[in-house]
Amino acid sequence: MSKINSVRKLEDPKFVKAVEINYSYKGSIRRWEAVVVHDSVAVLLWHKEKNAFILVKQLRATVLNKNPNNGMMYELCAGIVDKNKSLKEIAKEEVLEECGYDIPLENLQKISSFYTSVGISGNYQTLYYAECDESMKVNEGGGLEDEDIEVVYIPLERAKEFMFDESYQKTTGVLMSFYWFFDTITQTR
């Protein structure tokens, strides 16, 4: 069973930095507490042979801190932009690390870029779509050694039910990308 053992202030953070933002707006000086984070990429993966979306499921300590009964999240394959590589190259690496599929760069189609977590960090995320099949599978995925990522397939016929079933904790990116798929991809088939 997962549980929070302690919460303490970070003295030398590796990935986030707490800041105070002082700014002017409509003639008044204002203050906001925020966290500076890396931008990110995410990929909506579609498995052609399984007729299914590929998501990742992993424990998120922040969710466990809010919901002590369940910190597991269903998410798009994603990662932070912390390398001197193109966003497509980072997205390709994340798909390989987390899901085990070697997607050609030309298969990654940009959907859009947008801001997330605007109340705390203003992370800028670029969302891609890619199709894959079993010929592209080179390993079982699961992430890096300190990650424990489960690869999950959501069949098309269950996807809309999954979207609105609150027992599956999921990110807004999952919902938005599924909507995009139903509006864009299924319209062309």
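K85 is partly exposed, with a relative accessible area of 39%; partly exposed lies between buried, under 20%, and exposed, over 50%, with a 1.4 Å probe and protein chains only. K85 forms a salt bridge with E93, and the closest N and O atoms are 2.2 Å apart. A salt bridge here is a side-chain nitrogen of Lys or Arg within 4 Å of a carboxyl oxygen of Asp or Glu. E93 is also partly exposed, at 21% relative accessible area.

The model is predicted: local features need pLDDT of at least 70, side-chain atom pairs count only at pLDDT 80 or more, and totals for chains, interfaces and linings use all residues. Residues are numbered from 1 along each chain as its sequence is written, and side-chain values use heavy atoms, with hydrogens and water left out.

**Salt bridges**

The whole structure holds 7 salt bridges. Side chains of opposite charge can pair when their charged atoms come close. Three of the pairs are listed here.

| Pair | Closest N to O distance |
|---|---|
| R31 and E20 | 2.7 Å |
| K85 and E93 | 2.2 Å |
| D102 and K92 | 2.5 Å |

D102 and K92 meet through their side chains. This pair links distant parts of the chain, 10 residues apart: D102 is in the loop between helix 2 (87-99) and strand 7 (109-116), and K92 is in helix 2. Salt bridges that share partners also join E20, R31 and E33 into one network. Both R31, at 46% relative accessible area, and E20, at 45%, are partly exposed.

**Overall build**

The chain contains 4 helices and 9 strands, taken as DSSP runs (H or I of at least four residues for helices, E of at least two for strands) and numbered from the N terminus. Their order from the N terminus is β-β-β-β-α-β-β-α-β-β-β-α-α. The chain has a radius of gyration of 18 Å, which agrees with the value near 16 Å for a compact globule of 189 residues; the radius is taken over C-alpha atoms, and the globule rule is 2.2 Å times the number of residues to the power 0.38. The C-alpha trace spans about 55 × 45 × 35 Å along its principal axes. Of the 189 residues, 34% count as buried.

**Strand 4 and its partners**

Strand 4 (residues 52-59) is mostly covered, with 7 of its 8 residues buried. Which strands pair with strand 4? Pairing requires at least two bridges found by DSSP between two strands. Strand 3 (residues 40-47) pairs with strand 4 in the antiparallel sense over 3 bridges, and H47 stands opposite A52. Their hairpin has 4 residues between the strands, and N51 in this hairpin takes a positive phi near 50°. Strand 9 (residues 150-155) runs antiparallel to strand 4 and is joined to it by 6 bridges; here A52 stands opposite P155. Strand 5 (residues 72-75) pairs with strand 4 in the antiparallel sense over 4 bridges, with L59 opposite M72.

**Y124**

Y124 lies in strand 8 (residues 123-132) and is partly exposed, with a relative accessible area of 31%. Leaving out residues up to four places away in sequence, Y124 touches D39, S40, S113, F114 and Y115, where contact means heavy atoms within 4.5 Å. Y124 and F182 are 58 residues apart in sequence and 24 Å apart in space, C-alpha to C-alpha.
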